[in-house]
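Student: I have a protein model with a ligand on my screen, and I would like to learn how to read it. Could you take me through it, please?

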Amino acid sequence: MSTGMHDHARMLVRRDRAGDHAAVREVIAAAFAATTPQGVPVEVGLVDALRESAEWLPPLSLVAETDDGDIIGYVVCTRAWVDDRPALGLGPLAVAPAAQGQGVGAALMHAVLGAADALDEPLIALLGHTDYYPRFGFRPAAELGVTPPVADWASHFQVRTLSSYRPELQGTFRYAQPFNEL
Ligand SMILES: CC(C)(COP(=O)(O)OP(=O)(O)OC[C@H]1O[C@@H](n2cnc3c(N)ncnc32)[C@H](O)[C@@H]1OP(=O)(O)O)[C@@H](O)C(=O)NCCC(=O)NCCS
């Protein structure tokens, strides 16, 4: 079972391994339990489906692990498109409730942004809180001419550009196929 971090505990962010999958499911289930009235949060099945999909990118599936070996956070980016050009979709991002508010989410975000940039990916999009993601360089997607796949998402749909971004990358964003089956 994943726990929170102890005071002054150390943590590292690394790629996930086959042996982490059950712990990753637990972290996602616990993090999204608050927004799920009953049953298993859809984000758990989403990550399982993404793992099996053509859009899965192993270098961009990251866990946060304590010194004690507990998985306390998870983030993933998967292949997505702006019209027919490759980009990334971020999500889910999840931190175990007992470990929230200690910078774990920020560490995961910085790590996955750096990894995506190193892979020469141009842009990452996500649907998320407008008071959390701007601190990581996300901006309203509309400012850059990237349109969400569902018009109602516009207020929370954000993009982060990376080094290989060019302003011509405008159009309609499309997530990896498993997102369409939610
Ligand atoms: C969102 C989440 C990943 C943040 O992880 P975390 O480790 O707590 O984040 P950090 O410690 O790096 O940052 C904490 C900051 O995030 C803010 N924050 C956390 N959840 C937030 C939310 N839902 N909306 C706005 N801000 C939020 C906190 O207020 C805090 O802000 P401050 O630094 O200005 O005080 C975590 O709260 C979580 O797993 N939530 C449930 C799942 C979820 O909503 N995931 C994101 C959508 S895909």
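Tutor: We will go through the ligand site and then some single residues. Keep in mind that this is a predicted model, where local features need pLDDT of at least 70, side-chain atom pairs count only at pLDDT 80 or more, and totals for chains, interfaces and linings use all residues. Residues are numbered from 1 along each chain as its sequence is written, and side-chain values use heavy atoms, with hydrogens and water left out.

Student: Which residues come nearest to the ligand?

Tutor: A residue is near a molecule if one of its heavy atoms lies within 4 Å of it. Here 17 residues are around the ligand, and Val95, Gly101, Gly103, Gly105 and Ala106 come nearest. The shell is made up of nine nonpolar, six polar and two charged residues. In that scheme Ala, Val, Leu, Ile, Met, Phe, Trp, Tyr, Cys and Pro are nonpolar, Asp, Glu, Lys and Arg are charged, and the others, Gly among them, are polar.

Student: What lies 2.7 Å from an oxygen atom of the ligand?

Tutor: Look for polar contacts: pairs of N or O atoms within 3.5 Å; within protein, one must be able to donate a hydrogen and the other to accept it, and residues adjacent in sequence count only if both atoms are side-chain atoms. A backbone N or O atom of Gly103 is at 2.7 Å from a ligand oxygen. The side chain of Arg135 has an N or O atom 3.1 Å from an oxygen atom of the ligand, while a polar side-chain atom of His129 is 3.1 Å from a ligand nitrogen. The protein buries 65% of the 880 Å² that the ligand exposes when taken alone, by the Shrake-Rupley method with a 1.4 Å probe.

Student: Which elements give two or more residues to the shell around the ligand?

Tutor: Helices (H or I, at least four residues) and strands (E, at least two) are DSSP runs, numbered from the N terminus. Helix H1 (21-32), strand S4 (85-95) and helix H3 (104-118) are the ones that do so.

Student: Is Ser61 buried or exposed?

Tutor: Buried means under 20% relative accessible area, exposed over 50%, and partly exposed in between, with a 1.4 Å probe and protein chains only. Ser61 counts as buried because its relative accessible area is 0%. Ser61 belongs to strand S2 (residues 61-66), and its side chain makes a polar contact of 2.7 Å with the side chain of Tyr74.

Student: What about the loop between S4 and H3?

Tutor: Pro97 is placed there, and so is Gln100. Pro97 is partly exposed because its relative accessible area is 44%; Gln100, at 43%, is also partly exposed. The C-alpha atoms of Pro97 and Val27 are 8.4 Å apart, with their positions 70 residues apart along the chain.

Student: Which backbone angles should I check?

Tutor: Most residues other than glycine have a negative phi, and most peptide bonds are trans. In this model, the peptide bond from Gly91 to Pro92 is cis, with omega near 0 degrees, and Pro92 lies in strand S4. Asp83 has a positive phi, near 50 degrees, and sits in the loop between strand S3 (71-82) and S4. Asp120 also has a positive phi, about 65 degrees, and is found in the loop between H3 and strand S5 (123-127).

Student: Is Asp120 buried or exposed?

Tutor: Asp120 counts as exposed because its relative accessibility is 55%, whereas Asp83 is partly exposed at 37%.
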